[in-house]
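Q: I've got a model open and I'd like to learn how to read it. Can we go through it feature by feature?

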Amino acid sequence: MLKPWTDRFLQLALDREALRFGEFTLKSGRISPYFFNAGEFSTGRAIDTLARCYADAIVDSGLEFDMLFGPAYKGIPLATAVAMSLARDHDIDVPFTYNRKEAKDHGEGGQLVGAPLEGRVLIVDDVISAGTSVAESLELIMAAGAQAVGVVIALDREEKGAGDERSAVQAVSAQGLQVVAIAGLRDLIEWLRTHDHAPDRLDAMIGYRQRHGV
């Protein structure tokens, strides 16, 4: 049975067209029957609803952390909104920080903006694709003397990487980080079974998972 926040997230993603179905060529060259773009959560209500889903998933995971880190660019509004939801909806008031892509050489300078990066850090991002964003985040966190304990994402595609039997999330988990996802490919297929009446769409998703899923 799907978690309530998983169901809310998938409905929101469909309503906002952040989740689309069809035929999409991924960066890897793989042809996918669906595509997810967190950039479509671009209104106040949409990002607020999304942040509540993140916060519910984080609290349910039991993961212990001291602060949030949002990697540039999509992680910045996500970490901010999730911090607000944790404080408002769960009485968990934690600091957050984020990075610039390029270090600033004037004013306050540096690459980090926000609270001091310290303690146990939870990275907030939209997805884990090649793991590049996570790797860059880990470098910044370690350089600051803090400890990354996990990554929370919206959607886990749960599919094998190019030349790797593991998914990108499994590769990150192998580094000792707990990964929390609001929804995964299995959840999406289950959700389509109960919310969607387009058999071709469901069949395409099931076939894709059989070919590429982990």
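Q: Which helix is Ser137 found in?
A: This is a predicted model, by the way. Ser137 lies in helix 4, which covers residues 132-143.

Q: Is Ser137 buried or exposed?
A: For a call like this, go by relative accessibility: under 20% is buried. Ser137 comes out at 2%, so it counts as buried.

Q: What is Ser137 in contact with, setting aside neighbours within four places in sequence?
A: Phe69, Pro71 and Ile123. Ile123 turns up again when we get to the cores, as part of a separate core of 18 residues.

Q: Let's do helices. How do I judge the span of helix 2?
A: Set the end-to-end C-alpha distance against the value expected at 1.5 Å a residue. Helix 2 (residues 44-61) has 18 residues and reaches 26 Å, close to the expected 26 Å. Right after helix 2 comes Gly62, with a positive phi of about 75°.

Q: Which residues of helix 2 are buried, and what do they pack against?
A: The buried set is Ala46, Leu50, Ala51, Cys53, Tyr54, Ala55, Asp56, Ala57 and Ile58. Their packing partners are helix 1 (4-15), helix 3 (75-90), strand 6 (120-124), strand 7 (147-156) and strand 10 (178-184).

Q: What about the core: which residues touch the most other members?
A: In the largest nonpolar core, with 49 residues, those are Phe9 and Phe41. Helix 2 gives the most to this core, namely 8 residues. A second, separate core has 18 residues, among them Leu117, Ile123, Leu138 and Ala148.

Q: Which residues does Phe41 touch?
A: Ignoring residues up to four places away in sequence, Phe41 touches Phe9, Leu12, Ala13, Arg16, Ala18, Phe36, Ala46, Ile47 and Leu50. Ala46 and Leu50 are also among the buried residues of helix 2.

Q: Now strands. In what sense do strand 1 and strand 2 pair?
A: Look at the bridges: this pair is antiparallel, over 5 of them. Phe21 stands opposite Tyr34 in strand 2. The two strands form a hairpin with 5 residues between them, and Gly29 in the turn has a positive phi of about 95°.

Q: Which helix has buried residues that pack against those strands?
A: Helix 7, whose buried residues pack against strand 1 (19-25) and strand 2 (31-36), plus strand 8 (160-161) and helix 6 (185-195). The residues in question are Leu202, Met205, Gly207, Tyr208 and His212. As for span, helix 7 (residues 199-212) has 14 residues and reaches 20 Å, close to the 20 Å expected.

Note on methods
Residues are numbered from 1 along each chain as its sequence is written. This is a predicted model: local features need pLDDT of at least 70, side-chain atom pairs count only at pLDDT 80 or more; totals for chains, interfaces and linings use all residues. Side-chain values use heavy atoms; hydrogens and water are left out. Helices (H or I, at least four residues) and strands (E, at least two) are DSSP runs, numbered from the N terminus. The expected span of a helix is 1.5 Å times one less than its number of residues. Buried means under 20% relative accessible area, exposed over 50%, partly exposed in between (1.4 Å probe, protein chains only). Contact means heavy atoms within 4.5 Å. Two strands pair if DSSP finds at least two bridges between them. A nonpolar core is a set of buried Ala, Val, Leu, Ile, Met, Phe, Trp, Tyr and Cys residues joined through side-chain atoms within 4.5 Å.
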